[in-house]
2 protein chains.
Amino acid sequence: MMADTRGPRDAQPTLRDVAERAEVSAMTVSRVLRDDPKVAPATAARVRTVIAELGYRRNEMARSLRLGSGTGLVGLVVTNLANPFYSRLALGVDSVLAQHGLKSVIGNTGQDLDSERSLVQDLVARRVDGIIAVPADADQRHLAAAAAEGVPVVLASRPPSDFAADCVLVDDYGGARSATERLLAAGHRRIGFLGSPPTVYTSIERLRGYADALADAGIGAEPAYIRQGQQQTGEAARAASELLDLPEPPTALFCSNNRNTIGAFRAIRRAGTTTALAGFDDFELADALGLPLTIVAYDSDELGREAGRLLATRIRDGSVRSATRRTVVPTTLVHYGTSGSTAH
Amino acid sequence: MMADTRGPRDAQPTLRDVAERAEVSAMTVSRVLRDDPKVAPATAARVRTVIAELGYRRNEMARSLRLGSGTGLVGLVVTNLANPFYSRLALGVDSVLAQHGLKSVIGNTGQDLDSERSLVQDLVARRVDGIIAVPADADQRHLAAAAAEGVPVVLASRPPSDFAADCVLVDDYGGARSATERLLAAGHRRIGFLGSPPTVYTSIERLRGYADALADAGIGAEPAYIRQGQQQTGEAARAASELLDLPEPPTALFCSNNRNTIGAFRAIRRAGTTTALAGFDDFELADALGLPLTIVAYDSDELGREAGRLLATRIRDGSVRSATRRTVVPTTLVHYGTSGSTAH
DNA sequence: CTGTTAGCGCGTTCAC
DNA sequence: GTGAACGCGCTAACAG
């Protein structure tokens, strides 16, 4: 017999509260909210007055439950929102989803597979209308399960493994390859590689692009020049320093993401060498480092927008099982010099 | 007589589906889910098997509707997620909320009051358990309305106007003041100010700190040295250039946020002057610009975490009407030189 | 034009 | 131990 602890004005009013006060049935209020023309103007006006007086707001959750329609919520699972790349992606996703009346529930996994798993399960339990994810790992069984239960899944930046889903990728291979080719064209023969853990798809592809470019130039990839696993700029700087300290150090470095590029930049500046630098992912102030820098750039907003579009289409069409689509966002090679920049 | 368009395996199974297949009542399944000990072990085992077979997941939305408990969702309203400041804030919020079993629904307003308004209304309609917002404007009636309806509101970075709410602020005044004092101590007498629009609280406070520091040094604030309204680095650079082109240009610039600091940096480098630079908000690579730089730094993650804590407390205690709390996050003055950095 | 009945998926109360 | 009834807030279908 616990008394209701909420004060009378604490609880948000329900449709019934409005109905009683307006002296009509709940149905009539419901119709007014739906702008159903079959309500007498006078009645509708009275109901609207009461709605305003009470500050009534329809409970969208209850509504979606009744309608069997979706919740209007989309899960967005990223590895690290603090990375500008992912925040831009999130922004792109959000901008497109907003146009479709969808809101994004964001979740940060910190590259941790367990977090990702429980996050996805929670999103499914909350009955999101779809999920956009940047999977942390090749183990994507939780995402596959969600997809199997009829929740549309779109992957960003990394492809699905062992299940079918739409995805938006970056031209990892091509971008890495052309950046490396540029270094080769500049006469470099000893080119180092710095990248994130080799379990990540993007890292694998970018390494492949790098290695193929070298191979085409008749240069075998030198394992001693390849350092993988650095996630933060600090680790990256250390790895770069190790390469620069080699008896026969590389004369150029290619970095598979902006964490590594920034780390490498710091190492080069400290070492005082003239090592050439190229990297994947653009970043702010890349033009202001006072070092020539070749960057593989791409539009991460667009990556998000495209993911949003793919998902919105799935949701609208309810086409859970139609053919899977894959989009690849192109890359551009940008050269930042010691003064200004030139797109290429 | 429209047939159900969903295939049999499309829909997520309900508690009843589990009950039928396990040949028990819905109630028993419900009990198993709640780990109610009053279920025969054998029955429980059978139910659990079916749950696994069907991949059943409880509908959290329906559950929260029935329980009258919250939705477990929190609205997070920011002005620009692409700004690292806000993405870190979001991350901080999310990390704390996650510990309380809450998820954040994110919304980006792009500093647009109308978007903010509709966003907040939508969040309330979705029955979020609370809202954390970085309000775009002094007009916060929509937030006040939400609070009045019993939805806990916490403001970050800017204080509530015309209503009561918890908030987490940065020491805008003190930070700006000490940075300006530092420039004064270095001998500067003509110090320019670059800031965002004067409608924003943080901008007002930071200007005040700047002006008071000057006043204490017996220097009147010179209107010609004050440029407000720049939101992006491009505009900021132009404004800075205008100051540098003055017949008697300032010998130092203080910038009220990192957009303006970066813009000013570019202008100074282009002009080739030795203008001293100080700014609010730390940013990556601030140490690598090859220019002495004084930065008012603070922990934006912590700002988010504190906001999350305040909100979580409100939600847990249901203390919608207890006294309002205000936290101020301290700032630190950091000096980046042409080689390395020193905290101060 | 308006109200009544029924039920979305779930959980509480109270019987058996 | 288990189940039937009832209701959370809302709305489609069917009366009147």
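**Two protein chains and two DNA strands: a short walk through the model**

Let me begin between the two protein chains, where the count between chain A and chain B is eight salt bridges, a salt bridge being a side-chain nitrogen of Lys or Arg within 4 Å of a carboxyl oxygen of Asp or Glu. Before going further I should say that this is a predicted model, in which local features need pLDDT of at least 70 and side-chain atom pairs count only at pLDDT 80 or more, while totals for chains, interfaces and linings use all residues. Residues are numbered from 1 along each chain as its sequence is written, chains are lettered from A and ligands numbered from 1 in the order in which they are written, and side-chain values use heavy atoms, with hydrogens and water left out.

Staying with the salt bridges, the side chains of Arg266(B) and Asp287(A) meet in one of them, at 2.6 Å from N to O. Glu149(B) forms another with Arg57(A), where the closest N and O atoms are 3.3 Å apart. That pair crosses between chains, running from Glu149(B), in the loop between α7 (141-148) and β4 (153-156) of chain B, to Arg57(A), in the loop between α3 (41-54) and α4 of chain A; helices (H or I, at least four residues) and strands (E, at least two) are here DSSP runs, numbered from the N terminus. Over all chains, the count by this rule comes to 50 salt bridges.

How much area is buried between chain A and chain B? The value is about 5,200 Å², of which carbon and sulfur atoms give 52%, and buried area is the accessible area (1.4 Å probe) that two parts lose on being put together, summed over both. In chain A, Arg57(A), Arg126(A) and Arg127(A) lose the most area to chain B, together 15% of what that side buries; Arg57(A) is thus also the residue we just met in the salt bridge with Glu149(B). The contact, meaning heavy atoms within 4.5 Å, takes 57 residues from chain A and 58 residues from chain B.

Across this interface the rule finds 18 residue pairs in polar contact, both residues at pLDDT 80 or more; a polar contact is a pair of N or O atoms within 3.5 Å, and within protein one must be able to donate a hydrogen and the other to accept it, with residues adjacent in sequence counting only if both atoms are side-chain atoms. On the side of chain A that touches chain B, α4, α5 (84-99), β2 (103-108), α6 (113-125) and α11 (258-271) each supply at least two residues, and the largest share, six residues, comes from β2(A). The residues of that side divide into 23 nonpolar, 16 polar and 18 charged, where Ala, Val, Leu, Ile, Met, Phe, Trp, Tyr, Cys and Pro count as nonpolar, Asp, Glu, Lys and Arg as charged, and the others, Gly among them, as polar.

Now to the DNA. Of the 24 residues around DNA strand C, Thr43(A), Arg66(A), Leu15(B), Met27(B) and Arg66(B) come nearest, a residue being near a strand if one of its heavy atoms lies within 4 Å of it. A polar side-chain atom of Arg66(A) lies 2.9 Å from a base nitrogen of strand C, whereas backbone N or O atoms approach phosphate oxygens of strand C from Ala40(A), at 2.7 Å, and from Asn59(B), at 2.9 Å. α4(B) gives the most to the surface near strand C, with four residues.

For DNA strand D, 24 residues surround the strand, and the closest are Leu15(A), Tyr56(A), Arg66(A), Arg31(B) and Arg66(B). A base nitrogen of strand D is 3.2 Å from an N or O atom in the side chain of Arg16(A), and a backbone N or O atom of Asn59(A) lies 3.0 Å from a phosphate oxygen of strand D. The largest share of the surface near strand D, four residues, comes from α4(A).

Which atoms of the strands lie within 4 Å of the protein? For strand C, 53% of them belong to sugar or phosphate and the rest to bases; for strand D, 59% belong to sugar or phosphate and the rest to bases.
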